[in-house]
Amino acid sequence: MKARDVLELDEFDEIITGYALPVSGPGCGNSPFWVIVRNGQTGIIRVLCLQPEQQSPELLHWYGVLTAIHGRIVEILNK
């Protein structure tokens, strides 16, 4: 299934970008993929989440690399 279908985007929604940001707490962890969407009519931007079971095999395959890239970008921006 396509991300657009899982996220239930409408015809005016545009996926701007996405990033991998795993989360963890005492005794639990998760690997969500965050998707930034802009509505072309209203200009409203929102953040949506794909849980691991909603992610494509390709996205799951690259998740570790995408996490590392996101982490490095955040480091650079915080310098």
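Q: Is E75 buried, partly exposed or exposed, and what is its relative accessibility?
A: E75 counts as partly exposed, because its relative accessibility is 46%, and that falls between the cut-offs of 20% and 50%. Keep in mind that this is a predicted model.

Q: Which side chain does E75 meet in a salt bridge?
A: The partner is R72, with 2.9 Å from N to O.

Q: How far apart are R72 and E75 in helix α2?
A: They are 3 residues apart in helix α2, which covers residues 57-77, so about one helical turn separates them. R72 is partly exposed as well, with a relative accessible area of 39%.

Q: How many salt bridges does the count come to?
A: The count comes to 3 salt bridges. Another of them joins R46 and D13, whose closest N and O atoms are 2.8 Å apart. That pair links distant parts of the chain, with R46 in strand β5 and D13 in strand β1, 33 residues apart.

Q: What about cover: is D13 buried or exposed?
A: D13 is buried, with a relative accessible area of 6%. R46 is partly exposed, at 29%.

Q: And which side chain meets R38 in a salt bridge?
A: R38 meets E14, at 3.2 Å from N to O. This pair also links distant parts of the chain: R38 lies in strand β4 and E14 in strand β1, 24 residues apart.

Q: How exposed are R38 and E14?
A: R38 has a relative accessible area of 33%, so it is partly exposed. E14 is partly exposed too, with 40%.

Q: Changing topic. How many helices and strands does the protein chain have?
A: There are 2 helices and 5 strands. Read from the N terminus, the order is α-β-β-β-β-β-α.

Q: Strand β4 came up already. How many of its residues are buried?
A: Strand β4 runs over residues 33-39, and 5 of its 7 residues are buried, so β4 is mostly covered.

Q: In which sense does β4 pair with β1?
A: The two strands pair in the antiparallel sense, over 7 bridges. Strand β1 takes in residues 13-20.

Q: And how many bridges does β4 have with β5?
A: β4 and β5 pair over 6 bridges, again in the antiparallel sense. Strand β5 is made of residues 45-50.

Q: Which residues are bridge partners of W34?
A: On the β1 side, W34 is the bridge partner of Y19. On the β5 side, the bridge partner of W34 is C49.

Q: How many residues lie between β4 and β5 in the hairpin?
A: There are 5 residues between the two strands. In the turn, G43 has a positive phi of about 80°.

Q: Where do side chains point along a regular strand?
A: In a regular strand they alternate between the two faces of the sheet.

Q: Back to β1. Which residues does I16 touch, leaving out those up to four places away in sequence?
A: I16 touches I36, V37 and R38. I16 itself sits in strand β1.

Q: Is I16 buried, partly exposed or exposed?
A: I16 counts as partly exposed, because its relative accessibility is 39%.

Q: What separates the C-alpha atoms of I16 and N39?
A: Those C-alpha atoms are separated by 10.0 Å, and the two residues are 23 apart along the chain.

Q: Now the loop. Where is Q55?
A: Q55 is in the loop between β5 and α2. At 6% relative accessibility, Q55 counts as buried.

Q: Which residues does Q55 touch, not counting those up to four places away in sequence?
A: Q55 touches S31, P32, F33, L50, L60 and Y63. Among them, F33 belongs to strand β4, L50 to strand β5, and L60 and Y63 to helix α2.

Q: Zooming out, what share of the protein chain is buried?
A: Buried residues make up 19% of the 79 residues. The accessible surface comes to about 5,700 Å², and 59% of that belongs to carbon and sulfur atoms.

Q: What does the C-alpha trace span along its principal axes?
A: The spans are about 40 × 35 × 25 Å.

Q: Last one: how many positive and negative side chains are there?
A: There are 6 positive and 9 negative side chains, and the centres of the two sets lie 10 Å apart.

Definitions and conventions
Residues are numbered from 1 along each chain as its sequence is written. This is a predicted model: local features need pLDDT of at least 70, side-chain atom pairs count only at pLDDT 80 or more; totals for chains, interfaces and linings use all residues. Side-chain values use heavy atoms; hydrogens and water are left out. Buried means under 20% relative accessible area, exposed over 50%, partly exposed in between (1.4 Å probe, protein chains only). Helices (H or I, at least four residues) and strands (E, at least two) are DSSP runs, numbered from the N terminus. Two strands pair if DSSP finds at least two bridges between them. Accessible areas come from the Shrake-Rupley method with a 1.4 Å probe; for residues, only the protein chains shown count as cover. Lys and Arg count as positive and Asp and Glu as negative; His and the chain ends are not counted. The place of a charge is taken as NZ of Lys, CZ of Arg, CG of Asp or CD of Glu. Contact means heavy atoms within 4.5 Å. A salt bridge is a side-chain nitrogen of Lys or Arg within 4 Å of a carboxyl oxygen of Asp or Glu.
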